[in-house]
Amino acid sequence: MGQQRREVTESLLVRHGHGDLVHTEENIGVVVGGGGSVAASSVTTILALSTFVAACVSFGFGCAIGYSSPTQSSIMEDLGLSMADFSLFGSILNIGAILGAVISGKITDLLGRKLTMWILNIFYISGWLAIAFTKVPWLLDLGRLSLGFTNGISGYLVPIYIAEITPKNLRGRFTAIVPLMTCWGMSSMYVVGSFVSWRTLALIAIIPSILQLPLLSFIPESPRWLANVGRDKELESALLCLRGEKAYISDEATDIKIVAGMVALLSLGGVNAFTYYSGVIFVSAGISSMIGLIALAAAQTLLGFLGTIFIDKSGRRPLLLVALAGLCFSSFLTGLSFLLKDYNWWGEGTPILALIGILMYKGSFVVAVGIPWLLVAELFPINVKGSAGSICNFISGITGWAVAYYFNLLTKWSSAGTFFIFSAFCCANFILAATMVPETKGRTLEEIQASITHSSQ
């Protein structure tokens, strides 16, 4: 019990003003070890270390997503795959994500956030090794399926964990690290994949897991999960912020519909098409694949940094609306470039138009993608958070798979029309966010849920 007490305490502690006291999210003082205090440096180290480990998971998430784009032609050539075979390889990541999404909330609630991370590393490393050493297509697909399963769970797990261990004044910025690290993971695949073989790239992608494995033993479990499973009774005074979570009776069905609608429209807006097949899109638009992918990596990194800076300053809702507007406009711009190309209009300018559209799209997406999952962490009490996250994750996986699988078929019908369809879905998402999404900036999780309860009564 002493170890559990330390785990819960350490995960809640942050520096309090100028004094030696520490406090929870609601500034409740906690006395540690019968009157001792915790040094600011150890507190900072715990929070930073926990966030770093979670960020490694998100980086690996991005590596799995971005892997197929720079490797398409070489994998098809080396293993003799047809376009249909490679479309299966690209989209099967989403099949695995669907399987992981179905159990993501339940398994993280049953096993805890830390143990789930341990298990995910097994699937992550096994998946990359299967891809790196395969000599047959089925093992290639099996490895990709394993990575998808990992992504399906970690897409829910990481933002939830970070949101549960950070105080309200840092929660937005810390959770924004998730899409930023995912962006870096994708970008690393784009850049490194332009210079190394696809087998070597798969081995390089294991690095995030190697970094986090030795650190998992040192990070705390989520205090909210510990409280929910009854391991926090001895810290009742320190965990007053959690009291009453199970008593909230908000209009959870409406909240789930809003967030699920957002993640579905985000996927239907074409993110997997832009991510999995960006190299092919660049070539089709008349742009060098290498130049395009390197520019894409830079744009994602820059916009990801800006999103991290502004999410707690501007608020979730304004930033989400700007990002969704960017997705809508950039999809339309990309479609317009292909339309002009089809009719041989403005031949010199269409590649530039396509490049601007693709860079703007991926930059906008890296800003937008983490916000729905932050809302899952903020809008739902802990006793329904797992189920809500699983539902949203499952819907995201299904719609993402559909886009990944059918994109090549749709472009054969009409490249311009495909991107215009993506733009329409992004526009619908903008309307949903503008009319239904609440602002949660600067409020504790309990204040958010209490306000929802009050408004629904």
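The legends below describe close-up views of a predicted model.

**Figure 1. Overview of the protein chain in the predicted model.**
The protein chain contains 20 helices and 3 strands. Of its 457 residues, 57% are buried. When contacts between residues at least 6 apart in sequence are considered, 84% of them join residues at least 24 apart. The views that follow turn to individual residues and elements.

**Figure 2. Surroundings of Asn-121 in helix α5.**
Asn-121 belongs to helix α5, which covers residues 113-133. This residue counts as buried because its relative accessibility is 4%, and the cut-off for that class is under 20%. A polar atom of the Asn-121 side chain lies 2.8 Å from the backbone oxygen of Met-117. The side chain of Asn-121 also makes a polar contact with the side chain of Ser-209, at 2.3 Å. With residues up to four places away in sequence not counted, Asn-121 touches Ser-209, Gln-212, Leu-213 and Leu-216. Ser-209 thus appears both as a polar partner of Asn-121 and among the residues that Asn-121 touches.

**Figure 3. Aromatic pairs formed by Phe-407, Phe-419 and Phe-422.**
The structure holds 18 aromatic pairs. In one of them, Phe-407 and Phe-419 are arranged edge-to-face, with 6.1 Å from centre to centre and 70° between the planes. This pair links distant parts of the chain, since Phe-407 lies in helix α18 (residues 382-413) and Phe-419 in helix α19 (residues 415-436), 12 residues apart. Phe-407 and Phe-419 are both buried. Phe-419 forms an aromatic pair with Phe-422 as well, again edge-to-face, at 5.9 Å centre to centre and with 80° between the planes. Phe-419 and Phe-422 both lie in helix α19, and the 3 residues that separate them in sequence correspond to about one turn of the helix. Phe-422, like Phe-419, is buried.

**Figure 4. The aromatic cluster that includes Phe-407, Phe-419 and Phe-422, and the rings beneath Arg-144.**
One aromatic cluster is formed by Phe-274, Tyr-276, Tyr-277, Phe-338, Tyr-361, Phe-407, Phe-419 and Phe-422. Tyr-276, a member of this cluster, has the charged end of Arg-144 over its ring, 5.3 Å from the ring centre. Arg-144 also lies over the face of Phe-89, where the distance from the ring centre is 5.0 Å.

**Figure 5. Ser-188 in helix α7 and the cysteine residues Cys-63 and Cys-183.**
Helix α7 runs over residues 168-192 and includes Ser-188. With a relative accessibility of 18%, Ser-188 counts as buried. The side chain of Ser-188 reaches the backbone oxygen of Gly-185 at 2.7 Å. Leaving aside neighbours within four places in sequence, Ser-188 is in contact with Phe-59, Cys-63 and Gly-193. Cys-63 is buried, at 1% relative accessibility, and Cys-183 is buried with a relative accessible area of 0%. A disulfide is a covalent bond that joins the sulfur atoms of two cysteines. A search of the whole structure finds 0 disulfides.

**Figure 6. Helix α15 and the positive phi of Asn-344.**
Helix α15 has 27 residues and reaches 39 Å from its first C-alpha to its last, close to the 39 Å expected at 1.5 Å a residue. Just after α15, Asn-344 adopts a positive phi of about 55°. Most residues other than glycine have a negative phi. Asn-344 is not a glycine, yet its phi is positive. The residue is located in the loop between α15 (316-342) and α16 (350-368). Asn-344 is classed as exposed because its relative accessible area is 69%, and the class requires a value over 50%.

**Figure 7. Glu-378 in helix α17 and its separation from Ile-160.**
Glu-378 is found in helix α17, made up of residues 370-379. At 0% relative accessibility, this glutamate counts as buried. Glu-378 and Ile-160 are 218 residues apart in sequence, while their C-alpha atoms are 8.8 Å apart in space.

Terms used
Residues are numbered from 1 along each chain as its sequence is written. Side-chain values use heavy atoms; hydrogens and water are left out. Helices (H or I, at least four residues) and strands (E, at least two) are DSSP runs, numbered from the N terminus. Buried means under 20% relative accessible area, exposed over 50%, partly exposed in between (1.4 Å probe, protein chains only). A polar contact is a pair of N or O atoms within 3.5 Å; within protein, one must be able to donate a hydrogen and the other to accept it, and residues adjacent in sequence count only if both atoms are side-chain atoms. Contact means heavy atoms within 4.5 Å. Rings of Phe, Tyr and Trp (its six-membered ring) pair if their centres lie within 6.5 Å; planes under 30 degrees apart count as stacked, over 60 as edge-to-face and the rest as tilted. A charge sits over a ring if NZ of Lys or CZ of Arg is within 6 Å of the ring centre and within 35 degrees of the ring normal. The expected span of a helix is 1.5 Å times one less than its number of residues. A disulfide is a pair of cysteine sulfur atoms within 2.5 Å.
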